[in-house]
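Colleague: I have this model open and would like a close look at one part of it. Could you walk me through the first helix and its surroundings?

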Amino acid sequence: INNQNFERIIFKYKKLKTAQFLGHIDNQNLIVRALIRSGAKLKYSEGFKPKPKISFSPPPPFGVESYEEYFEVYLANSDIHTILHSMNKYLP
């Protein structure tokens with residue numbers, strides 16, 4: 001995947017109902033796992049232990065519903081609509 005061109009994609013999502021009780025780190029892990037399971041070709045950091053290059057907006061207070069949260073990720077040659085449809089299977 002290193003030789004591919006990556007595109008910066010910004011996702012907007014909501015945390016409602018029971019998802020509002022998900023901590024920020026747990027939420028990040030859930031989204032990264034959903035991206036990987038959806039088959040998205042992510043850009044990874046370099047080094048001994050590569051991690052997906054993804055960044056999240058600051059979290060709301062714990063237990064508060066939010067209607068606009070964001071994260072950005074770098075994807076290679078991906079159909080966004082297919083990824084979104086697939087990710088929604090894994091997210092609350």
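Modeller: Happy to; I will start with the whole chain, go on to the helix, and then turn to the sheet and a few single residues.

Please keep in mind that this is a predicted model. The protein has 2 helices and 3 strands, and from the N terminus on they come in the order β-α-β-β-α. With a radius of gyration of 14 Å, close to the 12 Å that the globule rule gives for 92 residues, the protein is as compact as a globular protein of that length. Its C-alpha trace spans about 40 × 30 × 20 Å along the principal axes. Of the 92 residues, 28% are buried. If you take the contacts between residues at least 6 apart in sequence, 71% of them join residues at least 24 apart.

Now to the helix you asked about. Helix α1 covers residues 24–37 and lies across β1, β2 and β3, running at about 140 degrees to β2. Its length can be checked with simple arithmetic: at 1.5 Å a residue, the 14 residues of α1 should span 20 Å, and the C-alpha atoms at its ends are indeed 20 Å apart.

Which residues of α1 are buried? They are Asn27, Ile31, Val32, Ala34 and Leu35. Looking down the axis of α1, you would find these buried residues within an arc of 160 degrees, so they line one face of the helix. The general background is that an α-helix has 3.6 residues a turn, so residues three or four places apart point the same way. On the face of α1 turned away from the buried side you will find the exposed residues Ile25 and Arg37.

What covers the buried residues of α1? The cover includes the strands β1, β2 and β3, together with helix α2, residues 80–88. Just after α1 comes glycine 39, which takes a positive phi of about 90 degrees.

Two residues further along the chain make contact with this part of the model. Serine 86 is found in helix α2, and at 11% relative accessibility it counts as buried, the cut-off being under 20%. Setting aside its neighbours within four places in sequence, serine 86 is in contact with Arg37 and Ser38. Arg37, you may recall, is one of the exposed residues on the face of α1 turned away from its buried side.

The other residue is leucine 91, in the segment after α2. Leucine 91 counts as partly exposed, with a relative accessibility of 24%. Not counting residues up to four places away in sequence, leucine 91 touches Leu30, Ile31 and Ala34. Ile31 and Ala34 are among the buried residues of α1. The C-alpha atoms of leucine 91 and arginine 33 are separated by 9.5 Å, although the two are 58 residues apart along the chain.

Next, the sheet that α1 lies across. It is an open sheet of 3 strands in the order β1-β3-β2, and the pairing is antiparallel. The strands β1 (6–15) and β2 (54–56) stand at the edges with a single partner strand each, so one side of each has no neighbour in the sheet. Neighbouring strands are turned by 15 degrees against each other on average, direction ignored. As general background, strands of a sheet pair through backbone hydrogen bonds, either parallel or antiparallel.

Between β1 and β3 (residues 66–76), which run antiparallel, there are 9 bridges. If you want a residue pair to look at there, lysine 12 stands opposite tyrosine 70 in β3.

Tyrosine 70 also turns up on the β2 side of the picture. Serine 55 has its place in strand β2 and is partly exposed, with a relative accessible area of 34%. Apart from neighbours within four places in sequence, serine 55 is in contact with Tyr70, Phe71 and Glu72. From serine 55 to tyrosine 74 the separation is 19 residues in sequence and 9.8 Å in space, C-alpha to C-alpha.

Last, have a look at the loop that leads from β1 to α1, where lysine 17 lies. Phi of lysine 17 is near 50 degrees, a positive value in a residue other than glycine. In general, most residues other than glycine have a negative phi. Is lysine 17 buried or exposed? Lysine 17 is exposed, with a relative accessible area of 66%.

How values were computed. Residues numbered from 1 in each chain as written. Predicted model: local features only at pLDDT ≥ 70, side-chain atom pairs only at ≥ 80, totals over all residues. Heavy atoms only, no water. Pairing = 2+ DSSP bridges. Helix = DSSP H or I, 4+ residues; strand = E, 2+ residues; numbered from the N terminus. Axes fitted to C-alpha atoms, helices over the stretch in contact; angles between N-to-C directions. Contact = heavy atoms within 4.5 Å. Expected span 1.5 Å × (residues − 1). Buried < 20%, exposed > 50% of the residue type's maximum accessible area, 1.4 Å probe, protein only. Arc of directions from axis to C-beta. Rg over C-alpha atoms; globule rule 2.2 N^0.38 Å.
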